[in-house]
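Me: Got a minute to walk through this one with me? I'd like to go over its side chains, backbone and cavities.

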Amino acid sequence: MKRLILSLYICVAGCLAGAASTPPEPLSSPKRETRAVWLTTYSSLDWPKAKATSPAGIKAQQEELCRILDRLKEIHINTVLLQTRVRGSVIYPSDIEPWDACLTGTPGRSPGYDPLAFAIAECHRRGMELHAWLVAIPCFKTSAAPASKKSVLKTHPHLCVRHNDSWYLNPGEPETAAYLASICHEITSRYDIDGIHFDYIRYPENAGRFNDAAAYRKYGKKQNKADWRRANVTRCVRTMYKTVKDIRPWVKVSSSPVGKFSDLSRYPSHNWNAYSAVYQDAQGWLREGIQDLLFPMMYFRGNHFFPFAIDWKENAYGRPVIPGLGIYFLSPKEKDWPLTDITRELYFTRTLKTGGQAFFRYAYLNDNHKGLFDFLKQVFYPYPALTMACHSADSIAPTAPGNLHKSEGPDGYRLHWSAATDNVCGKDVRYNVYASPSAAADITSASNLIATYVDSCSLPIDITYCTLHGISFAVTAIDRFGNESRPARLAAHGYEAPASSPRFLPHDGITLQISGQHSPYFVIVDLQGHIVGTAPGDRPVRIGHLPKGIYEIRTLGKKGRSENIGHFIK
C-alpha cells in the first residue's frame with residue numbers, strides 16, 4: 001500500500017510540477033468532503049473587529065459574523081472551527097474561566113450576549129457545522145495574567161508553569177487532563193456544537209527547557225522522559241474525548257497536531273515534528289480511537305508537504321485526516337507563495353482522498369490573496385458537499401422522510417415532507433435536498449445538492465425550479481453522525497430527454513446575442529440543471545463570468561412557460 005501511494009505522489013506531483021501556469025482540470029467535486037476554516041478570535045484577528053460595549057456594538061459584532069459566514073457559504077465551506085477558548089479565557093458565559101478581551105476590549109467583561117450560541121445558530125442556519133476550537137495548553141503572557149477570580153492561575157495555580165514569557169498548563173500534572181475535560185463538559189453539555197477541536201494539545205517549542213522537572217520526579221516512575229511526556233498529552237486527549245462522547249456521542253472530536261508526524265526514511269522533518277519535538281502521538285490517538293478526525297497543520301510546500309500528507313493518509317486507521325493548508329503564506333507580507341503552491345496541495349489531497357481540506361485562516365481566504373477565493377468558488381468547490389461522516393461512533397442511517405410534495409403560496413413555492421422516525425438523535429435529524437433535470441433526482445452527485453442540513457420539514461425553492469420542465473426533487477434524512485437515509489422522491493413532470501444533437505449558439509466569450517426569440521427573460525442552465533444566470537429578453541446575455549463548460553439557454557415566459565432554444569460552449 002505504501003509503495004502504491006508513493007507512486008501516486010510521484011505521478012501527481014510530477015504532473016503538477018509541469019503545470020505552474022495552467023492548473024489541471026478539477027477532479028470531480030465529491031459529495032462528501034470536509035471543507036474547514038479556522039476563525040480566529042485571538043486579538044480579534046478574524047473576528048470580532050467591532051466591540052460589544054453597547055446594544056449597537058452587539059448588533060455590529062453579530063452582523064460582522066453573519067457577513068463572514070455568508071462569505072464562506074459562497075465557496076461552499078461546510079465547517080467553521082471557531083476559536084472558543086483563546087488563552088485561558090473564553091467567548092461564552094463560563095463558570096470556569098473568564099471572558100476573553102476580544103469581545104469587548106476588556107478582559108473579563110461580558111459582551112451582553114452569548115457569542116457561541118449565536119455563532120452555532122447562524123452556522124446551522126447556513127447548513128454549516130461549528131466546531132468549538134480550544135487552545136489547550138497555553139494560557140496567557142506573564143505580563144497579561146487575568147485579574148479575574150476565574151483565572152486558572154488563581155483557581156488551579158498548581159497546574160500552571162512558566163515557560164519563557166508565558167504561563168502554560170503542565171501536562172505532567174494528572175489533574176490537568178481533568179481541568180481541560182471540565183471545559184469540554186461545560187461546552188458540550190450546554191451547546192449544540194458539532195465538534196470539539198483541540199489546538200496546541202502539546203508541549204511548547206523548545207520543550208527541553210520546559211519546567212516540568214518536579215512533576216517528572218513525582219510522577220515519572222523512572223519512565224523515559226520523552227515517553228512520559230507523550231503519555232501525558234495522550235492522557236489529556238483521552239480524558240477529553242471520553243468526556244465529550246459520554247455527553248453527546250455524535251460530537252466530532254479532533255485536534256490540529258504539528259504537520260509532520262515524524263521523520264520519514266527519505267524526508268527528514270528537520271527537528272520539527274509532532275512525535276519527538278512536541279510529544280504528540282497523534283497517529284497513536286487515531287489507532288486508539290480517541291480522535292474522530294485530525295487537522296494536521298501542514299503549513300509547508302513541496303517535499304515538506306507531499307510525503308508527509310501520504311504518511312498521515314497511510315496511518316489514518318480509517319478516519320479522516322484533513323490537511324490544514326497555510327494559505328497565509330500567499331500574502332506578500334508573509335512568504336508570497338504563488339497560488340499554484342496551494343492549488344497543487346488541493347488537487348493532491350483530493351486525489352489522495354484524505355477527506356477534505358482546512359484553511360488557516362479566514363482573513364487570508366477573505367482577502368483573496370493570489371485569487372484563491374475565486375479559484376475555490378469557480379473551480380475547486382463548485383458545488384456544496386456534506387462533511388465526512390463519523391461512522392466509528394454510529395453507522396445506522398435514519399429512516400427516509402416521506403410524503404415529499406410541492407406547494408405554491410403567496411410567498412412562492414415550497415417543498416414539504418414528513419419527518420424521519422427512528423433515528424438515535426431524535427429531533428436532531430436534519431435533511432438534504434436534491435434537484436436535477438432527470439426523471440428522478442440523482443442523490444449521488446454533489447452537483448444536485450441545493451440545500452444541506454435543513455433543520456425543518458419544508459424548504460422554500462426558487463420559482464425557476466418549478467417552472468422549468470424536467471426538474472425532479474429528492475430529500476434524505478441525515479443524522480448527527482453523518483449517516484444518510486434513502487431518499488423520498490418527487491418525480492419530474494413533463495421530463496424530456498436531452499436532444500441528441502443540440503443546437504450550439506455562437507458568442508464572443510463575453511455576451512451571447514439571441515435573435516428570433518420573444519421572451520420576457522432568458523435563463524442559463526448548467527448541465528446539472530442549476531440556474532447560473534438570467535437576462536432580460538431585450539438584452540444580450542452576459543456569459544463572461546461563467547467558468548468553462550456547456551450550458552443551455554431557455555426562455556422563461558408568462559406563467560412559467562419555458563423552452564430550450566439552444567446550447568453554448570464556453
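Reply: Sure. R319 makes a handy start: it counts as buried, at 16% relative accessibility. Keep in mind that this is a predicted model.

Me: OK, so which side chain meets R319 in a salt bridge?

Reply: That's D292, with 3.6 Å from N to O. The two come from distant parts of the chain, 27 residues apart. D292 is in the loop between helix 9 (282-288) and strand 9 (293-294), while R319 is in the loop between helix 10 (306-314) and strand 11 (324-325).

Me: And is D292 buried or exposed?

Reply: Buried, since its relative accessible area is 4% and the cut-off for buried is under 20%. D292 also helps line the second largest cavity, along with T34, K252, L293, P320, M388, A389 and C390.

Me: How much space lies in that second largest cavity, and what's the lining like by class?

Reply: About 40 Å³. The lining divides into five nonpolar residues, one polar and two charged.

Me: How many cavities are there, counting those of 30 Å³ or more?

Reply: Three. The largest has about 140 Å³ of space.

Me: What lines the largest one?

Reply: There are 15 lining residues, and E129, D194, Y453, D479 and R480 lie nearest the centre. By class, the lining has seven charged, six nonpolar and two polar residues.

Me: Y453 caught my eye. What's its phi?

Reply: About 55°, so a positive phi in a residue that isn't a glycine. Y453 sits in strand 16 (residues 449-454) and is buried, at 11% relative accessible area.

Me: Where else is there a positive phi outside glycine?

Reply: N368 is one, with phi near 60°. N368 is in the loop between helix 12 and helix 13 (372-380).

Me: Switching to peptide bonds: which residues are joined by a cis one?

Reply: W47 and P48 are one pair, with omega about -5°, and F360 and R361 are another, with omega about 5°. P48 is in the loop between strand 1 (34-39) and helix 2 (55-74). R361 is in the loop between strand 12 (356-359) and helix 12 (362-366).

Me: Back to charges. How many salt bridges are there in the whole structure?

Reply: The search finds 31. One of them pairs K377 with E74, the closest N and O atoms being 2.9 Å apart. That pair links distant parts of the chain, K377 in helix 13 and E74 in helix 2, 303 residues apart.

Me: What about cover for those two: buried or partly exposed?

Reply: Partly exposed: K377 is at 39% relative accessibility and E74 at 34%.

Me: What does D341 pair with?

Reply: R344, with the closest N and O atoms 3.9 Å apart. They are three residues apart in helix 11 (residues 339-352), so about one helical turn separates them. D341 counts as buried at 11% relative accessibility, and R344 does at 18%.

Me: Which residues are joined into one network by salt bridges that share partners?

Reply: D192, D194, D428, R430 and R480. D194 and R480 are also among the residues nearest the centre of the largest cavity.

Me: Last one: which residues form the nonpolar patch on the surface?

Reply: F504, I550 and I569, with about 260 Å² of accessible area together. I569 belongs to strand 25 (residues 564-569).

Terms used: Residues numbered from 1 in each chain as written. Predicted model: local features only at pLDDT ≥ 70, side-chain atom pairs only at ≥ 80, totals over all residues. Heavy atoms only, no water. 1 Å grid on protein atoms, 1.4 Å probe; cavity = no way out; pocket = protein on both sides within 12 Å on 5 of 7 lines; lining within 4 Å. Points joined across faces, edges and corners; volume = space filled by probe spheres on them. Nonpolar A, V, L, I, M, F, W, Y, C, P; charged D, E, K, R; others polar. Patch = residues over 30% accessible without salt bridge, like charges linked within 9 Å, V, L, I, M, F, W, Y side chains within 5 Å. Areas by Shrake-Rupley, 256 points an atom, 1.4 Å probe, with all protein chains shown as cover. Salt bridge = Lys/Arg side-chain N within 4 Å of Asp/Glu carboxyl O. Helix = DSSP H or I, 4+ residues; strand = E, 2+ residues; numbered from the N terminus. Buried < 20%, exposed > 50% of the residue type's maximum accessible area, 1.4 Å probe, protein only.
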